[in-house]
Amino acid sequence: MSAASYLDLPRAGRARGAVSLPGSKSISNRVLLLASLAEGTTEITGLLDSDDTRVMLAALRALGIDVRAQGGDSVSVRGAARFPASAAELFLGNAGTAVRPLTAALALMGGDYTVSGVPRMHERPIGDLVDALRALGATVDYTGREGYPPLRIGRGSLAGDGTVRMPGAVSSQFLTAMLLAAPLYTQARGTPLVIEIVGELISKPYIDITLNLMARYGVTVQRDDWARFTVPAGAAYRSPGRIAVEGDASSASYFLALGAIGGGPVRVQGVGRDSIQGDVAFTRTLEAMGADIQAGPDWIEARGVNVARGERLRAFDADFNLIPDAAMTAAALALFADGPCRLRNIGSWRVKETDRIHAMQTELAKLGAQVASGADWLEVVPPGPGQWRDAEIGTWDDHRMAMSMSLAAFGPAAVRILDPGCVSKTFPTYFDVYAGLVGGEERP
(Lines give C-alpha, C1' and ligand atoms only; values in the text may rest on other atoms or scores of the structure.)
Protein backbone atom coordinates (compact mmCIF):
# COMPACT_ATOMS: atom_id res chain seq x y z
CA MET A 1 0.00 0.00 0.00
CA SER A 2 2.89 2.38 0.55
CA ALA A 3 3.12 2.99 -3.20
CA ALA A 4 -0.61 3.72 -3.62
CA SER A 5 -1.60 7.33 -4.25
CA TYR A 6 -4.92 6.95 -2.46
CA LEU A 7 -7.07 4.59 -0.41
CA ASP A 8 -10.88 4.54 -0.49
CA LEU A 9 -12.22 3.66 2.92
CA PRO A 10 -15.46 1.63 2.98
CA ARG A 11 -18.23 3.28 4.95
CA ALA A 12 -17.88 1.94 8.46
CA GLY A 13 -20.65 0.97 10.83
CA ARG A 14 -19.01 -0.81 13.74
CA ALA A 15 -15.63 -1.53 15.31
CA ARG A 16 -14.57 -4.30 17.63
CA GLY A 17 -11.55 -6.49 18.30
CA ALA A 18 -8.05 -6.26 19.72
CA VAL A 19 -4.78 -4.88 18.44
CA SER A 20 -1.19 -5.27 19.62
CA LEU A 21 0.38 -1.86 19.33
CA PRO A 22 3.69 -1.13 17.63
CA GLY A 23 6.41 0.25 19.88
CA SER A 24 6.36 3.87 20.96
CA LYS A 25 8.28 6.17 18.61
CA SER A 26 9.16 8.51 21.47
CA ILE A 27 10.54 5.71 23.61
CA SER A 28 12.24 3.86 20.73
CA ASN A 29 14.41 6.73 19.54
CA ARG A 30 15.23 7.90 23.07
CA VAL A 31 16.32 4.39 24.07
CA LEU A 32 18.43 3.96 20.93
CA LEU A 33 20.38 7.12 21.72
CA LEU A 34 20.71 6.31 25.42
CA ALA A 35 21.95 2.81 24.63
CA SER A 36 24.55 4.19 22.22
CA LEU A 37 25.88 6.60 24.88
CA ALA A 38 25.86 4.06 27.72
CA GLU A 39 28.53 1.79 29.12
CA GLY A 40 27.65 -1.79 28.21
CA THR A 41 25.33 -3.49 25.74
CA THR A 42 21.55 -3.06 25.75
CA GLU A 43 19.11 -5.53 24.26
CA ILE A 44 16.04 -3.57 23.18
CA THR A 45 12.78 -5.44 22.61
CA GLY A 46 9.54 -4.10 21.18
CA LEU A 47 11.40 -1.54 19.07
CA LEU A 48 9.21 0.31 16.59
CA ASP A 49 9.96 -0.46 12.95
CA SER A 50 9.18 2.76 11.08
CA ASP A 51 10.76 5.51 9.01
CA ASP A 52 11.76 7.49 12.10
CA THR A 53 13.49 4.62 13.86
CA ARG A 54 15.18 3.49 10.66
CA VAL A 55 16.84 6.87 10.18
CA MET A 56 17.99 6.83 13.80
CA LEU A 57 19.43 3.33 13.43
CA ALA A 58 21.17 4.31 10.18
CA ALA A 59 22.62 7.41 11.83
CA LEU A 60 23.97 5.49 14.81
CA ARG A 61 25.62 2.96 12.52
CA ALA A 62 27.13 5.80 10.47
CA LEU A 63 28.52 7.17 13.73
CA GLY A 64 30.27 3.88 14.47
CA ILE A 65 27.84 2.36 16.97
CA ASP A 66 27.55 -1.43 16.89
CA VAL A 67 23.84 -2.08 16.35
CA ARG A 68 22.78 -5.64 15.60
CA ALA A 69 19.35 -6.94 14.68
CA GLN A 70 18.31 -9.80 16.96
CA GLY A 71 15.28 -10.87 15.00
CA GLY A 72 11.72 -9.61 15.15
CA ASP A 73 11.49 -6.29 16.97
CA SER A 74 14.72 -6.68 18.94
CA VAL A 75 18.16 -5.13 18.51
CA SER A 76 21.31 -5.04 20.59
CA VAL A 77 23.28 -1.82 20.93
CA ARG A 78 26.85 -1.73 22.23
CA GLY A 79 27.36 1.62 23.88
CA ALA A 80 30.42 3.72 23.25
CA ALA A 81 30.00 6.77 25.55
CA ARG A 82 31.23 8.85 22.59
CA PHE A 83 30.53 8.15 18.94
CA PRO A 84 33.53 6.42 17.34
CA ALA A 85 33.12 8.33 14.06
CA SER A 86 34.35 11.91 14.38
CA ALA A 87 32.88 12.89 11.01
CA ALA A 88 29.62 11.97 9.28
CA GLU A 89 26.88 13.30 7.03
CA LEU A 90 23.52 12.39 8.52
CA PHE A 91 20.19 12.53 6.69
CA LEU A 92 17.36 12.19 9.20
CA GLY A 93 14.22 12.57 7.12
CA ASN A 94 11.44 14.31 9.05
CA ALA A 95 12.22 12.65 12.39
CA GLY A 96 12.23 15.30 15.08
CA THR A 97 12.95 12.62 17.69
CA ALA A 98 16.22 11.95 15.84
CA VAL A 99 17.27 15.42 14.61
CA ARG A 100 16.99 17.28 17.91
CA PRO A 101 18.66 14.78 20.31
CA LEU A 102 21.40 13.81 17.83
CA THR A 103 22.18 17.47 17.19
CA ALA A 104 22.66 18.04 20.92
CA ALA A 105 24.80 14.94 21.42
CA LEU A 106 27.01 15.64 18.39
CA ALA A 107 27.44 19.29 19.33
CA LEU A 108 28.56 18.51 22.89
CA MET A 109 31.01 15.90 21.56
CA GLY A 110 32.34 18.07 18.77
CA GLY A 111 33.56 16.80 15.40
CA ASP A 112 32.79 17.32 11.75
CA TYR A 113 29.13 16.50 11.20
CA THR A 114 26.25 17.63 9.02
CA VAL A 115 22.61 17.09 9.94
CA SER A 116 19.88 17.44 7.33
CA GLY A 117 16.42 16.13 6.49
CA VAL A 118 13.52 16.44 4.10
CA PRO A 119 12.36 19.94 3.07
CA ARG A 120 9.70 20.02 5.82
CA MET A 121 12.36 19.34 8.47
CA HIS A 122 14.22 22.38 7.15
CA GLU A 123 11.06 24.39 7.99
CA ARG A 124 10.85 23.13 11.58
CA PRO A 125 12.62 25.45 14.04
CA ILE A 126 15.70 24.41 15.98
CA GLY A 127 17.08 27.81 16.96
CA ASP A 128 16.27 27.57 20.69
CA LEU A 129 18.29 24.36 20.94
CA VAL A 130 21.20 25.71 18.89
CA ASP A 131 21.36 28.87 21.01
CA ALA A 132 21.56 26.78 24.18
CA LEU A 133 24.29 24.56 22.73
CA ARG A 134 26.32 27.58 21.61
CA ALA A 135 26.03 29.01 25.14
CA LEU A 136 27.83 25.87 26.34
CA GLY A 137 30.67 26.36 23.86
CA ALA A 138 29.47 24.08 21.07
CA THR A 139 30.03 25.01 17.44
CA VAL A 140 26.82 24.74 15.42
CA ASP A 141 26.29 26.62 12.16
CA TYR A 142 23.28 26.95 9.89
CA THR A 143 23.99 26.03 6.29
CA GLY A 144 20.64 27.32 5.07
CA ARG A 145 18.01 29.47 6.75
CA GLU A 146 18.93 30.95 10.14
CA GLY A 147 17.23 29.06 12.95
CA TYR A 148 16.48 25.91 10.95
CA PRO A 149 18.26 22.79 9.71
CA PRO A 150 20.40 21.80 7.87
CA LEU A 151 23.28 22.22 10.32
CA ARG A 152 27.03 21.85 10.39
CA ILE A 153 28.60 20.86 13.71
CA GLY A 154 32.26 21.55 14.39
CA ARG A 155 34.81 21.08 17.12
CA GLY A 156 33.85 23.43 19.90
CA SER A 157 35.41 23.97 23.29
CA LEU A 158 32.85 23.41 26.04
CA ALA A 159 32.58 26.38 28.34
CA GLY A 160 30.05 28.30 30.39
CA ASP A 161 29.15 28.29 34.07
CA GLY A 162 27.04 25.14 33.86
CA THR A 163 23.72 26.97 33.53
CA VAL A 164 21.78 27.36 30.31
CA ARG A 165 18.40 28.94 29.62
CA MET A 166 15.91 27.56 27.10
CA PRO A 167 12.43 28.72 26.05
CA GLY A 168 9.83 26.04 26.69
CA ALA A 169 6.91 27.12 24.52
CA VAL A 170 7.92 25.89 21.04
CA SER A 171 8.82 22.21 21.41
CA SER A 172 9.56 19.96 24.37
CA GLN A 173 11.97 18.08 22.09
CA PHE A 174 14.52 20.86 22.61
CA LEU A 175 14.61 20.20 26.36
CA THR A 176 14.61 16.44 25.80
CA ALA A 177 17.60 16.82 23.47
CA MET A 178 19.54 18.88 26.01
CA LEU A 179 18.72 16.51 28.85
CA LEU A 180 19.73 13.38 26.94
CA ALA A 181 23.05 14.94 25.89
CA ALA A 182 23.76 16.61 29.25
CA PRO A 183 26.08 13.89 30.65
CA LEU A 184 28.50 14.62 27.81
CA TYR A 185 28.86 18.13 29.24
CA THR A 186 28.94 17.15 32.92
CA GLN A 187 31.66 14.57 32.30
CA ALA A 188 33.77 16.91 30.19
CA ARG A 189 33.48 19.87 32.57
CA GLY A 190 33.21 18.06 35.89
CA THR A 191 30.30 20.26 36.91
CA PRO A 192 26.52 19.88 37.00
CA LEU A 193 24.45 21.21 34.12
CA VAL A 194 21.45 23.31 35.08
CA ILE A 195 18.77 23.93 32.46
CA GLU A 196 16.40 26.79 33.25
CA ILE A 197 13.14 27.04 31.31
CA VAL A 198 11.98 30.46 30.16
CA GLY A 199 8.19 30.76 30.01
CA GLU A 200 5.75 27.85 30.03
CA LEU A 201 7.02 24.37 29.21
CA ILE A 202 4.67 22.57 26.82
CA SER A 203 4.10 18.82 26.43
CA LYS A 204 5.36 18.03 29.93
CA PRO A 205 4.48 14.31 29.73
CA TYR A 206 7.13 13.88 27.01
CA ILE A 207 9.72 15.26 29.41
CA ASP A 208 8.55 12.71 31.96
CA ILE A 209 9.32 9.98 29.41
CA THR A 210 12.82 11.41 28.98
CA LEU A 211 13.50 11.61 32.73
CA ASN A 212 12.13 8.12 33.33
CA LEU A 213 14.36 6.58 30.64
CA MET A 214 17.46 8.51 31.78
CA ALA A 215 16.90 7.08 35.25
CA ARG A 216 16.71 3.57 33.76
CA TYR A 217 20.20 4.26 32.41
CA GLY A 218 21.53 5.46 35.75
CA VAL A 219 21.20 9.24 35.49
CA THR A 220 18.74 10.89 37.88
CA VAL A 221 17.78 14.45 37.06
CA GLN A 222 16.67 16.83 39.78
CA ARG A 223 13.53 18.67 38.68
CA ASP A 224 12.40 21.84 40.42
CA ASP A 225 8.78 22.14 39.35
CA TRP A 226 8.95 22.44 35.52
CA ALA A 227 11.27 25.43 35.56
CA ARG A 228 14.70 24.04 36.41
CA PHE A 229 16.45 20.73 35.69
CA THR A 230 19.81 19.74 37.16
CA VAL A 231 21.97 16.93 35.75
CA PRO A 232 24.63 16.06 38.36
CA ALA A 233 28.37 16.32 37.84
CA GLY A 234 29.92 13.08 36.67
CA ALA A 235 26.61 11.70 35.42
CA ALA A 236 27.20 8.75 33.11
CA TYR A 237 24.87 6.32 31.38
CA ARG A 238 25.08 2.62 32.21
CA SER A 239 23.10 0.02 30.35
CA PRO A 240 20.31 -1.73 32.25
CA GLY A 241 21.11 -4.77 30.09
CA ARG A 242 17.63 -5.21 28.69
CA ILE A 243 14.79 -2.79 28.11
CA ALA A 244 11.34 -3.28 26.61
CA VAL A 245 9.66 -0.53 24.58
CA GLU A 246 6.03 0.10 25.45
CA GLY A 247 3.34 0.11 22.79
CA ASP A 248 2.72 3.55 21.30
CA ALA A 249 0.10 5.45 23.30
CA SER A 250 -0.43 8.01 20.52
CA SER A 251 -1.26 5.21 18.09
CA ALA A 252 -3.56 3.69 20.70
CA SER A 253 -5.75 6.79 20.48
CA TYR A 254 -7.02 5.91 16.98
CA PHE A 255 -8.18 2.45 17.98
CA LEU A 256 -9.73 3.57 21.25
CA ALA A 257 -11.55 6.23 19.24
CA LEU A 258 -12.86 3.48 16.97
CA GLY A 259 -14.34 1.78 20.01
CA ALA A 260 -15.87 5.09 21.11
CA ILE A 261 -17.73 5.68 17.83
CA GLY A 262 -18.17 2.12 16.56
CA GLY A 263 -19.72 0.51 19.62
CA GLY A 264 -16.71 -1.59 20.54
CA PRO A 265 -15.25 -3.15 22.44
CA VAL A 266 -11.85 -2.34 20.99
CA ARG A 267 -8.86 -3.32 23.12
CA VAL A 268 -5.28 -2.13 22.66
CA GLN A 269 -2.52 -4.28 24.07
CA GLY A 270 0.97 -3.08 24.96
CA VAL A 271 0.06 0.08 26.86
CA GLY A 272 -2.08 0.52 29.95
CA ARG A 273 -2.47 2.24 33.28
CA ASP A 274 1.20 1.59 34.16
CA SER A 275 2.46 3.43 31.07
CA ILE A 276 5.12 6.14 31.26
CA GLN A 277 3.53 7.87 28.25
CA GLY A 278 1.37 10.90 28.81
CA ASP A 279 -0.92 10.16 25.87
CA VAL A 280 -2.73 7.50 27.92
CA ALA A 281 -4.52 10.55 29.37
CA PHE A 282 -6.48 10.64 26.11
CA THR A 283 -8.73 8.06 27.74
CA ARG A 284 -10.07 10.86 29.97
CA THR A 285 -11.07 12.80 26.85
CA LEU A 286 -12.94 9.75 25.58
CA GLU A 287 -14.69 9.30 28.91
CA ALA A 288 -15.73 12.96 28.90
CA MET A 289 -17.21 12.38 25.44
CA GLY A 290 -19.26 9.45 26.73
CA ALA A 291 -17.12 6.37 26.11
CA ASP A 292 -16.66 3.60 28.66
CA ILE A 293 -12.96 2.93 29.31
CA GLN A 294 -11.48 -0.05 31.14
CA ALA A 295 -7.74 -0.59 31.68
CA GLY A 296 -5.21 -3.04 33.07
CA PRO A 297 -1.45 -2.81 33.55
CA ASP A 298 -0.76 -3.18 29.81
CA TRP A 299 -4.13 -2.89 28.07
CA ILE A 300 -6.96 -0.42 27.55
CA GLU A 301 -10.44 -1.11 26.18
CA ALA A 302 -13.06 1.31 24.83
CA ARG A 303 -16.80 0.92 24.27
CA GLY A 304 -19.02 3.72 23.10
CA VAL A 305 -21.85 4.94 20.95
CA ASN A 306 -22.62 3.91 17.39
CA VAL A 307 -22.44 7.07 15.32
CA ALA A 308 -23.44 5.23 12.12
CA ARG A 309 -26.89 4.80 13.73
CA GLY A 310 -27.18 8.49 14.56
CA GLU A 311 -25.84 8.39 18.12
CA ARG A 312 -23.48 11.17 19.13
CA LEU A 313 -20.53 11.79 21.40
CA ARG A 314 -20.65 14.66 23.88
CA ALA A 315 -19.02 17.89 22.70
CA PHE A 316 -15.89 19.13 24.47
CA ASP A 317 -13.91 22.29 25.20
CA ALA A 318 -10.50 21.17 26.44
CA ASP A 319 -6.85 22.11 26.86
CA PHE A 320 -4.65 19.66 24.95
CA ASN A 321 -1.25 21.14 25.79
CA LEU A 322 -0.15 17.93 27.52
CA ILE A 323 -1.23 15.52 24.76
CA PRO A 324 -0.81 17.35 21.43
CA ASP A 325 -0.42 14.19 19.33
CA ALA A 326 -3.52 12.47 20.66
CA ALA A 327 -5.38 15.77 20.25
CA MET A 328 -5.35 15.07 16.50
CA THR A 329 -7.68 12.15 17.20
CA ALA A 330 -9.97 14.37 19.28
CA ALA A 331 -10.24 16.82 16.39
CA ALA A 332 -11.45 14.03 14.09
CA LEU A 333 -13.89 12.78 16.73
CA ALA A 334 -15.43 16.26 16.80
CA LEU A 335 -17.16 15.29 13.54
CA PHE A 336 -19.43 13.04 15.61
CA ALA A 337 -20.13 15.31 18.57
CA ASP A 338 -23.51 16.73 19.61
CA GLY A 339 -22.25 20.30 19.41
CA PRO A 340 -19.24 22.54 18.73
CA CYS A 341 -15.88 21.27 20.01
CA ARG A 342 -12.89 23.43 20.89
CA LEU A 343 -9.25 22.33 21.19
CA ARG A 344 -7.14 24.84 23.12
CA ASN A 345 -3.42 25.32 23.74
CA ILE A 346 -2.28 23.38 20.66
CA GLY A 347 0.18 25.94 19.30
CA SER A 348 2.86 23.24 18.99
CA TRP A 349 0.83 21.81 16.09
CA ARG A 350 2.18 24.64 13.96
CA VAL A 351 5.74 23.23 13.97
CA LYS A 352 5.04 19.52 13.62
CA GLU A 353 5.33 17.38 10.47
CA THR A 354 3.06 19.98 8.89
CA ASP A 355 1.13 22.96 10.23
CA ARG A 356 -1.46 20.69 11.77
CA ILE A 357 -3.91 23.43 12.73
CA HIS A 358 -4.11 24.59 9.12
CA ALA A 359 -4.14 21.04 7.75
CA MET A 360 -6.87 19.81 10.10
CA GLN A 361 -9.02 22.87 9.46
CA THR A 362 -8.72 22.33 5.71
CA GLU A 363 -9.57 18.63 5.74
CA LEU A 364 -12.41 18.73 8.27
CA ALA A 365 -14.03 21.53 6.23
CA LYS A 366 -13.96 19.32 3.13
CA LEU A 367 -16.28 16.89 4.93
CA GLY A 368 -18.81 19.62 5.73
CA ALA A 369 -17.71 20.74 9.19
CA GLN A 370 -17.52 24.43 10.02
CA VAL A 371 -14.01 25.03 11.33
CA ALA A 372 -12.33 28.09 12.78
CA SER A 373 -8.81 28.45 14.11
CA GLY A 374 -6.33 30.77 15.76
CA ALA A 375 -2.67 30.71 16.69
CA ASP A 376 -3.16 27.92 19.22
CA TRP A 377 -6.77 26.74 18.96
CA LEU A 378 -9.22 24.97 16.69
CA GLU A 379 -13.02 24.94 16.84
CA VAL A 380 -15.09 22.36 14.99
CA VAL A 381 -18.84 22.51 14.42
CA PRO A 382 -19.79 19.01 13.21
CA PRO A 383 -21.79 18.58 10.01
CA GLY A 384 -25.50 18.27 10.53
CA PRO A 385 -27.83 15.95 8.62
CA GLY A 386 -27.48 16.59 4.90
CA GLN A 387 -24.31 18.65 5.39
CA TRP A 388 -21.75 15.86 5.02
CA ARG A 389 -19.78 15.94 1.75
CA ASP A 390 -17.70 13.29 -0.02
CA ALA A 391 -14.04 14.22 0.32
CA GLU A 392 -10.52 13.42 -0.76
CA ILE A 393 -8.55 13.88 2.44
CA GLY A 394 -5.08 15.33 1.99
CA THR A 395 -2.59 13.95 4.46
CA TRP A 396 0.07 16.66 4.08
CA ASP A 397 2.88 14.08 4.36
CA ASP A 398 1.81 13.70 7.99
CA HIS A 399 1.16 10.24 9.41
CA ARG A 400 -1.19 11.54 12.10
CA MET A 401 -3.39 13.32 9.57
CA ALA A 402 -3.86 10.02 7.73
CA MET A 403 -4.58 7.95 10.82
CA SER A 404 -6.86 10.39 12.64
CA MET A 405 -8.91 11.21 9.55
CA SER A 406 -9.60 7.51 8.93
CA LEU A 407 -12.27 7.93 11.62
CA ALA A 408 -14.30 9.99 9.13
CA ALA A 409 -15.35 6.74 7.42
CA PHE A 410 -17.99 6.39 10.16
CA GLY A 411 -19.85 9.33 8.65
CA PRO A 412 -22.28 9.17 5.72
CA ALA A 413 -19.82 10.58 3.16
CA ALA A 414 -17.38 8.76 0.90
CA VAL A 415 -13.82 9.17 2.21
CA ARG A 416 -10.65 8.85 0.15
CA ILE A 417 -7.29 9.10 1.95
CA LEU A 418 -4.57 10.53 -0.27
CA ASP A 419 -0.99 9.25 0.11
CA PRO A 420 -1.89 6.60 2.71
CA GLY A 421 1.72 5.38 2.73
CA CYS A 422 2.73 8.38 4.85
CA VAL A 423 1.78 6.27 7.89
CA SER A 424 5.13 4.48 7.44
CA LYS A 425 6.65 7.21 9.61
CA THR A 426 5.33 5.46 12.72
CA PHE A 427 2.84 2.72 11.80
CA PRO A 428 3.40 1.14 8.36
CA THR A 429 0.57 -1.41 8.77
CA TYR A 430 -2.00 1.00 10.19
CA PHE A 431 -4.63 0.64 7.48
CA ASP A 432 -4.37 -3.15 7.51
CA VAL A 433 -4.93 -3.20 11.28
CA TYR A 434 -7.75 -0.66 10.92
CA ALA A 435 -9.48 -2.86 8.33
CA GLY A 436 -9.30 -5.83 10.70
CA LEU A 437 -11.28 -3.94 13.35
CA VAL A 438 -13.83 -2.08 11.26
CA GLY A 439 -16.87 -3.46 9.54
CA GLY A 440 -19.98 -2.14 7.83
CA GLU A 441 -23.58 -2.59 8.87
CA GLU A 442 -27.02 -1.43 7.85
CA ARG A 443 -27.60 2.23 8.57
CA PRO A 444 -30.85 4.01 9.38
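The dialogue below covers aromatic pairs, charges over rings and one sheet in a predicted model.

Biologist: What kind of model is this, and how are its residues numbered?

Modeller: It is a predicted model, in which local features need pLDDT of at least 70 and side-chain atom pairs count only at pLDDT 80 or more, while totals for chains, interfaces and linings use all residues. Residues are numbered from 1 along each chain as its sequence is written, and side-chain values use heavy atoms, with hydrogens and water left out.

Biologist: How many aromatic pairs are there by the rule used here?

Modeller: Rings of Phe, Tyr and Trp (its six-membered ring) pair if their centres lie within 6.5 Å, and planes under 30 degrees apart count as stacked, over 60 as edge-to-face and the rest as tilted. The count by this rule is 10 aromatic pairs. In one of them, Phe255 and Phe427 have ring centres 5.8 Å apart and planes at 65°, so this pair is edge-to-face.

Biologist: Where do Phe255 and Phe427 lie?

Modeller: Helices (H or I, at least four residues) and strands (E, at least two) are DSSP runs, numbered from the N terminus. Phe255 lies in helix α7 (residues 249-261) and Phe427 in the loop between β23 (415-418) and α12 (430-437), so the pair ties together parts that are 172 residues apart in sequence. The rings of Phe255 and Tyr430 have centres 5.5 Å apart and planes at 35°, so that pair is tilted.

Biologist: Are Phe255 and Phe427 buried or exposed?

Modeller: Buried means under 20% relative accessible area, exposed over 50% and partly exposed in between (1.4 Å probe, protein chains only). Both Phe255 and Phe427 are buried, and Tyr430 also counts as buried, at 0% relative accessibility. One aromatic cluster is formed by Tyr254, Phe255, Phe427, Tyr430, Phe431 and Tyr434.

Biologist: Which ring does the charged end of Arg416 sit over?

Modeller: A charge sits over a ring if NZ of Lys or CZ of Arg is within 6 Å of the ring centre and within 35 degrees of the ring normal. The charged end of Arg416 sits over the ring of Tyr6, 3.7 Å from its centre, and that of Arg145 sits over the ring of Tyr148, 4.0 Å from its centre.

Biologist: What is the strand order in the open sheet of 4 strands?

Modeller: Strands of a sheet pair through backbone hydrogen bonds, either parallel or antiparallel, and two strands count as paired if DSSP finds at least two bridges between them. Here the order is β4-β5-β3-β14, with mixed pairing, and the edge strands β4 (66-71) and β14 (242-244) each pair on one side only. Strands β3 (residues 41-45) and β5 (residues 74-78) run antiparallel and are joined by 4 bridges.
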